[in-house]
Amino acid sequence: MEKKQPIHRRWIAITAAIFGLVIVCLPALISEAVGGWTRKYTSRIRFDPSRDIPDLTGKVVIVTGSNTGIGYHTALNLAKHRAHVIAAARNQKKGVAAIEQMLQEIELEKVSSRHGFGKLTFLRLDLSSLASVSEFAKEFKALDIPLNILVLNAGIMKSPGADFVGQNMTYSEAHIGVNHIAHSHLTHLLLDQLKASAPSRVVTVSSMAEMGAYEDGFRFDEWKIDNGIMPESYEDGKAYGQSKLANLMFTSELAKRMNGTGVTAYSCHPGIIKSDLGRYMDTQIEKSLLGQFFELAMSSAKDGALTQLHLATAPVEELENGKFYHPIGRVVNPSHSKARNDELQHMLWYETEMAIKFRNKYRN
């Protein structure tokens, strides 16, 4: 007769089984909660770029931050479907190299492609400088082509405090300056092109980090940084959350103001993604057990681009103008208590315009 295992061994086996189950399931649960890799399979919208992006022949798209991460895969997939993609990036060398890499990928696939491929053009855009934003818009207008889709993708996250506050030559806190003010300025400069090309759309990459903005939403008095000195109250996570809240509220207001023009606007949380965006995050957090579980929950950059690709190319009648989307096609109400405050939304529009006027006065 087989001897029964001692009870402590059975408990060890049970504990090991539970631990193994946690190892397998916890990343998936985290992923589902924050918009990681599982959403590709559980979302109502099963979006497959090769199948669902239509032929974009004759369409012109601008993608900011197109040299890396989800911006790269957004530009690549749109070009694969015959769009003329203006690939915008701060670093010309990296931007041109990214286009060369995209062309190599397209070349490998074009034999089996049902659409052939479009065109990729690099234009330099440094969102830390409003002068660069204005120059980019001037160069784009000189091409004398339509603008059908504007994807405001580029951004910075958790930049290292005093090293970045006020150092971007636009005299603003870096997150709000790059993520919101510069993109707002770019959109305003290109509105005539968007209207003339209608139906057209603007897709803004926000984040679920909007929930982490300041309790009152925005601290307009801290947008302008005097002499590059960081306020004692500054916390880069809150500042990043503020910029992401600004992204989605700007988009909502833009949709209202463009009503009847044929220009629509959408914002999205693309998910939690393995990309260069988090390069300044605390390495101690990354090395922790929770951090490792969190990393296992992340999407690849390729899959992280799906939400904005869906918003950029889905039939307009299938989308809700001005709304905030989570992966992949799920309309959600923003988490921040001030996100649907119309008065604050109008104030954001006004304060952004004032910030642009101030910075243009001292433009570099």
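Tutor: Contact, or touching, means heavy atoms within 4.5 Å. This is a predicted model, where local features need pLDDT of at least 70 and side-chain atom pairs count only at pLDDT 80 or more, while totals for chains, interfaces and linings use all residues. Residues are numbered from 1 along each chain as its sequence is written, and side-chain values use heavy atoms, leaving out hydrogens and water.

Student: OK, which residues does Lys40 touch, not counting residues up to four places away in sequence?

Tutor: Start with where Lys40 sits: in helix H2, residues 39-42 (helices are DSSP runs of H or I, at least four residues, and strands are runs of E, at least two, numbered from the N terminus). Thr307 is 267 residues away in sequence, but its C-alpha is 9.5 Å from that of Lys40. Leaving out residues up to four places away, the ones Lys40 touches are Arg46, Asp303, Leu306 and Ile328.

Student: Is Lys40 buried, partly exposed or exposed?

Tutor: Buried means under 20% relative accessible area and exposed means over 50%, with partly exposed in between (1.4 Å probe, protein chains only). Lys40 comes out at 32%, so Lys40 counts as partly exposed.

Student: And what is the relative accessible area of Asp126?

Tutor: Asp126 is in the loop between strand S3 (119-124) and helix H6 (130-142). Beyond four places in sequence, Asp126 touches Arg90, Ser132 and Val133. Asp126 counts as buried, and its relative accessible area is 12%.

Student: Which residue's side chain makes a polar contact with the Asp126 side chain?

Tutor: A polar contact is a pair of N or O atoms within 3.5 Å; within protein, one must be able to donate a hydrogen and the other to accept it, and sequence neighbours count only if both atoms are side-chain atoms. For Asp126 the distance is 2.7 Å, and the partner is the side chain of Ser128.

Student: How many residues of H4 are buried?

Tutor: H4 covers residues 69-80, and its end C-alpha atoms are 17 Å apart, which agrees with an expected span of 16 Å (1.5 Å times one less than the number of residues). The buried residues include Tyr72, His73, Asn77 and Lys80. H4 is largely enclosed by the rest of the structure, because its buried count is 12 of the 12.

Student: Where is the kink in H7 centred?

Tutor: H7 spans residues 174-189, with 21 Å between its end C-alpha atoms against an expected 22 Å, which agrees. 14 of its 16 residues are buried, so H7 is largely enclosed by the rest of the structure. The bend (the angle between axes fitted to the seven residues ending at a residue and the seven starting there) is about 30°, centred on Ile181.

Student: Which helix gives the largest share of the largest nonpolar core?

Tutor: A nonpolar core is a set of buried Ala, Val, Leu, Ile, Met, Phe, Trp, Tyr and Cys residues joined through side-chain atoms within 4.5 Å. The largest one has 49 residues, and those touching the most other members include Phe136, Leu186 and Leu254. The largest share of this core, seven residues, comes from H9.

Student: Which residue caps the N-terminal end of H9?

Tutor: H9 runs over residues 236-257, and 18 of its 22 residues are buried, so H9 is largely enclosed by the rest of the structure. At the N-terminal end, a side-chain oxygen lies 3.0 Å from the backbone nitrogen of Gly237, and the residue providing that oxygen is Glu235.
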